[in-house]
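Student: I am new to this structure and would be grateful for a close look at one helix. Please then set that helix in its wider context.

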Amino acid sequence: MSALQNLPFNVREIREQFPALRQQVYGKNLIYFDNGATSQKPQLVLDAINHYYSKENANIHRGVHYLSQRATTEYEAARTRIQKHLNAKSSNEIIFTKGTTDGINLVASSFGNMLQAGDEIIISAMEHHSNIVPWQMLCERKGLILRVIPINFEGEILQDEYEKLLSKKTKLVAITHISNTLGTVNPIKEMITKAHNVGAKFLVDGAQSIQHMSIDVRDLNCDFFVFSSHKVFGPTGIGVLYGKEDLLDQMPPYQGGGDMIAKVTFERTTYNELPYKFEAGTPHIAGGICLGKAFEYIESIDFKAVEVHERALAKYASQVLETFEGLTIIGDAKNKTSVVSFSLKGLHPFDIGTLLDKQGIAVRTGHHCTQPLMDFYKIPGTVRASFAFYNTIEEIDAFVIALERSLNMLK
Amino acid sequence: METSMDINKIQEEIISEFEMFDDWMEKYEYLIELGKDLPIIAEELKTEDRLIEGCQSRVWLNAVLIDGEMSFSADSDAIITKGIIGLLIRVMNHQKPEIIASNDLFFIKEIGLQEHLSPSRSNGLVGMVKRMKLEAIKSLNKK
């Protein structure tokens, strides 16, 4: 494809950095199109995991010995790198969590504790279960009201409906930056301004955007931004909650334990300052350090070029898939990236996914943890191909041939 | 009355059938054909209590005890799932409940379909096998 030949980065060279991509499954070259679920890891991250446990392993923030100090330095250096990557004002605004879900639950529990019965929270109809259920649980606990912004059939949030839902009662708006099922890129910056106009805070679910675009939390002016390490080429089990410092300062702690305290007596405990106030217990030290390495890796790549490449992949895949009889692409937003979700008339996504798998192609099938969205489209699920910058047009061609073969078998 | 075939013999038979296939796609072609041939459960039997909800596909299972032997019929919205159901029914139909309850269904692993019965797959089949055994145990208790 001509668009790809002009890329300022070399996909072949990038693929060399990802050992997991160089393997066969069921005797076929692996084609990994399940990046929306998790990303593969570059050598730099893999080496860092090995290095950490071989040379640096120690508990942090509490040891006087050499290894502990070294691990602490590395862990805090990772926090600073992430702060700079997100353009946050201070490293106090970077809270290590277990992942996106954990970050949302932290905000729901802690920020949610400051809300009163009758207050309102707004989400959209395209949210992942992890950006629905924590708010439902909070609403039940505190007597709050959850409002849902509808979407159009193309898979775009209806902005006029959003404006109608916003009021003085709105305390928080929590919206996905990019839909994991549809690939829609939401106009988050404008939505944040609108929320602030009524005095509401705004949480961005960045699980699907951090790996596809440059994020500047100060430019977005969001109050919270959450993401998972494993979707941005880092290890599983760790993620980040960015929060504005003054807001985090006002919020009560989430979990109690070691590291999050200043002084403990049986009568009264005082809490540690940010960011430790929200990091009870021994954290995922290796995870934090290696997430820092993942950012070191992606900062070595031109993200403008990544955006161009990934949009080209999604567009090419859509164009080819549209020629299949009975195939419907789910989600046709004007601003869309990296994801192509589709359904085939009379066929179950599970059957297609299983046959693609046996031809070496990893896709996701099912409801993608967005059951309300599937109800909206009145389908049981979709087949979803989700791309990363290491995917190629040739892989899409192979995927299309495998899909054709699968459909012939199912006829 | 016709005596039922030994449950382990049927499994051996399936294993040798699958040995003829050269690759995975041939196995799945066969499963798809089996799925298409599976006698569909009567529409009125597709009730909520017969539904086994999976993350990927749904399965309906009807189990009855006739003359001391279990008789199963089932359906799924996914054709490959139906094919695997076809194999499970072939093995477990017309067997005595105590035999079903205690058999380890070794053929599944031998023909390489264990992934469909792993909890991670959660496609309704795991629940279906459990339900087949449970129904067998229930009818044992009724005796």
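Tutor: The account below begins with the chosen helix and then turns to its surroundings and to the other chain. The model is a predicted one.

The helix in question is H8 of chain A, which covers residues 188-197. Which of its residues are buried? They are A:Ile188, A:Met191, A:Ile192 and A:Ala195. An α-helix makes a turn every 3.6 residues, so residues three or four places apart point the same way. When one looks down the axis of H8(A), the buried residues lie within an arc of 105°, and therefore they line one face of the helix. The other side of H8(A) carries exposed residues, namely A:Glu190, A:Thr193 and A:Asn197.

What covers the buried residues of H8(A)? The cover includes two helices of chain A, H7 (159-165) and H9 (217-220). It also includes two strands of chain A, S7 (170-176) and S8 (201-205). Just after H8(A) comes A:Gly199, whose phi is positive, at about 85°.

The wider interior may be considered next. The largest nonpolar core holds 137 residues. Among those that touch the most other members are A:Val173, A:Val204, A:Phe224, A:Phe225 and A:Tyr242, together with B:Leu61 and B:Met132. The greatest contribution to this core, nine residues, comes from helix H3 (residues 79-92) of chain B. Domain 1 (2-32 + 302-410) and domain 2 (46-299) of chain A each give at least three residues to this core. One of the core residues named above, A:Tyr242, can serve as an example of such packing. With neighbours within four places in sequence set aside, A:Tyr242 is in contact with A:Leu86, A:Ala88, A:Glu93, A:Ile94, A:Val217, A:Phe224 and A:Phe225.

Some loops of chain A also deserve attention. In the loop between strand S12 (269-271) and helix H11 (285-299) of chain A one finds A:Pro275. The peptide bond that leads from A:Leu274 to A:Pro275 is cis, with omega near 0°. Another loop, between helix H4 (66-86) and strand S4 (94-97) of chain A, contains A:Asn87. A:Asn87 is not a glycine, yet its phi is positive, near 60°. With 14 other C-beta atoms within 10 Å, A:Asn87 is partly exposed. A:Ser338, in the loop between strands S13 (327-330) and S14 (339-344) of chain A, likewise has a positive phi, near 65°. A:Ser338 has 29 C-beta neighbours inside 10 Å and therefore counts as buried.

It remains to describe where the two chains meet. Here 12 residues of chain A are in contact with 14 residues of chain B. On the side of chain A that touches chain B, helix H13 (349-357), strand S16 (364-366) and helix H15 (393-410) each supply at least two residues. The largest share of that side, four residues, belongs to H13(A). By class, the side of chain A that touches chain B comprises six nonpolar, four polar and two charged residues.

Chain B itself has six helices and three strands, arranged along the sequence as α-α-β-β-β-α-α-α-α. Its C-alpha trace spans about 45 × 35 × 25 Å along the principal axes. A compact globule of 143 residues would have a radius of gyration near 15 Å, and the 15 Å of chain B agrees with this. Of the residues of chain B, 34% count as buried.

Technical notes: Residues numbered from 1 in each chain as written. Chains lettered and ligands numbered in written order. Predicted model: local features only at pLDDT ≥ 70, side-chain atom pairs only at ≥ 80, totals over all residues. Contact = placed C-beta atoms within 7 Å. Nonpolar A, V, L, I, M, F, W, Y, C, P; charged D, E, K, R; others polar. Buried ≥ 20, exposed ≤ 12 C-beta atoms within 10 Å, placed from the backbone. Arc of directions from axis to C-beta. Core = buried A, V, L, I, M, F, W, Y, C linked by C-beta atoms within 7 Å. Domains from an automatic or database assignment. Rg over C-alpha atoms; globule rule 2.2 N^0.38 Å.
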